[in-house]
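Colleague: I should like to go through this model step by step, with each term explained when it is first used. Please show the sequence and structure before we begin.

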Amino acid sequence: MLKTLSIATLSLALIPAVSMANDGGTLQQGEKLYKSACVACHSTGAANAPKLGNKQAWAPIIARGMDEMMTVATNGKGAMPARGGTKADDAALRAAVEYMVSRAK
Ligand code: HEC
């Protein structure tokens, strides 16, 4: 109960920070990369990838914060390939992560 509550509070605190970073069409950019690369695993949940739009799966990830998500997205973790198997630069990768986060609200 206490854990659920603090995760909810943390992700609520994170949402304004994330949406503030998205005033320059970044989300559309992120959606494009997502649809070209990340969709393969994140739309199906293949290899236990957190599924796009699955709030329950994303809440604890979002609660750890953008820095941690970017570290995993950049370097990979388990079945998650570094940069999702793309050559996307940090800005594009971050946009894709922000897009996924925006869909998990
Ligand atoms: C080959 C399948 C695959 C592809 C392609 C893929 N992912 Fe993942 N992703 C995973 C898996 C599996 C996990 C869960 C990793 C774990 O926690 O063990 C994951 C986890 C993540 C997470 C959560 C990180 C965290 O902090 O736990 C983010 C963010 C993410 N992926 C972003 C992306 C982005 C952005 C792309 C496209 C550029 C992408 N992924 C492409 C399989 C994939």
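Modeller: A residue is near a molecule or strand if one of its heavy atoms lies within 4 Å of it. This is a predicted model, in which local features need pLDDT of at least 70 and side-chain atom pairs count only at pLDDT 80 or more, while totals for chains, interfaces and linings use all residues. Residues are numbered from 1 along each chain as its sequence is written, and side-chain values use heavy atoms, with hydrogens and water left out.

Colleague: Which residues come nearest to the ligand?

Modeller: The ligand has 22 residues around it. Those that come nearest are Cys-38, Cys-41, His-42, Arg-64 and Met-80.

Colleague: How far from a nitrogen atom of the ligand does a polar side-chain atom of His-42 lie?

Modeller: A polar contact is a pair of N or O atoms within 3.5 Å; within protein, one must be able to donate a hydrogen and the other to accept it, and residues adjacent in sequence count only if both atoms are side-chain atoms. Arg-64 places a polar side-chain atom 2.8 Å from an oxygen atom of the ligand, and an N or O atom in the side chain of Lys-77 is 3.4 Å from a ligand oxygen. For His-42, the partner is a nitrogen atom of the ligand, and the separation is 2.8 Å.

Colleague: In which pocket does the ligand sit?

Modeller: On a 1 Å grid over the protein atoms alone, a pocket is an open set of points where a 1.4 Å probe fits, with protein on both sides within 12 Å along at least five of seven lines. A molecule sits in a pocket if more than half of its atoms lie within 2 Å of its grid points. By this rule, the ligand sits in the largest pocket.

Colleague: Which elements give two or more residues to the shell around the ligand?

Modeller: Helices (H or I, at least four residues) and strands (E, at least two) are DSSP runs, numbered from the N terminus. The chain has 5 helices and 0 strands, in the order α-α-α-α-α. Those giving two or more residues to the shell are α2 (26-42), α3 (55-64), α4 (66-75) and α5 (90-102).

Colleague: How many residues of the shell around the ligand are nonpolar?

Modeller: Ala, Val, Leu, Ile, Met, Phe, Trp, Tyr, Cys and Pro count as nonpolar, Asp, Glu, Lys and Arg as charged, and the others, Gly among them, as polar. The shell has 3 charged and 2 polar residues. Its number of nonpolar residues is 17.

Colleague: Which residues of α3 are buried?

Modeller: Buried means under 20% relative accessible area, exposed over 50% and partly exposed in between, using a 1.4 Å probe and protein chains only. Of the 105 residues in the chain, 32% are buried. At the start of α3, a side-chain oxygen of Asn-54 comes within 3.1 Å of the backbone nitrogen of Gln-56, and the helix is followed by Gly-65, with a positive phi near 105°. The buried residues of α3 are Trp-58, Ile-61, Ile-62 and Ala-63.

Colleague: Is Ala-96 buried or exposed?

Modeller: Ala-96 belongs to helix α5. Contact means heavy atoms within 4.5 Å, and beyond four places in sequence Ala-96 touches Gly-30, Leu-33, Tyr-34 and Cys-38. Because its relative accessibility is 2%, Ala-96 counts as buried.

Colleague: What is the phi of Asn-48?

Modeller: Most residues other than glycine have a negative phi. Ala-47, in the loop between α2 and α3, has a positive phi of about 55° although it is not a glycine, and at 60% relative accessibility it is exposed. Asn-48 also lies in the loop between α2 and α3 and is exposed, at 76%. Its phi is positive, near 70°.

Colleague: How far is Lys-51 from Cys-41 in space, C-alpha to C-alpha?

Modeller: Lys-51 lies in the loop between α2 and α3 and is partly exposed at 38% relative accessibility. Beyond four places in sequence, it touches His-42, Ser-43, Thr-44, Gly-45 and Trp-58. Lys-51 and Cys-41 are 10 residues apart in sequence, and their C-alpha distance is 7.9 Å.

Methods
1 Å grid on protein atoms, 1.4 Å probe; cavity = no way out; pocket = protein on both sides within 12 Å on 5 of 7 lines; lining within 4 Å.
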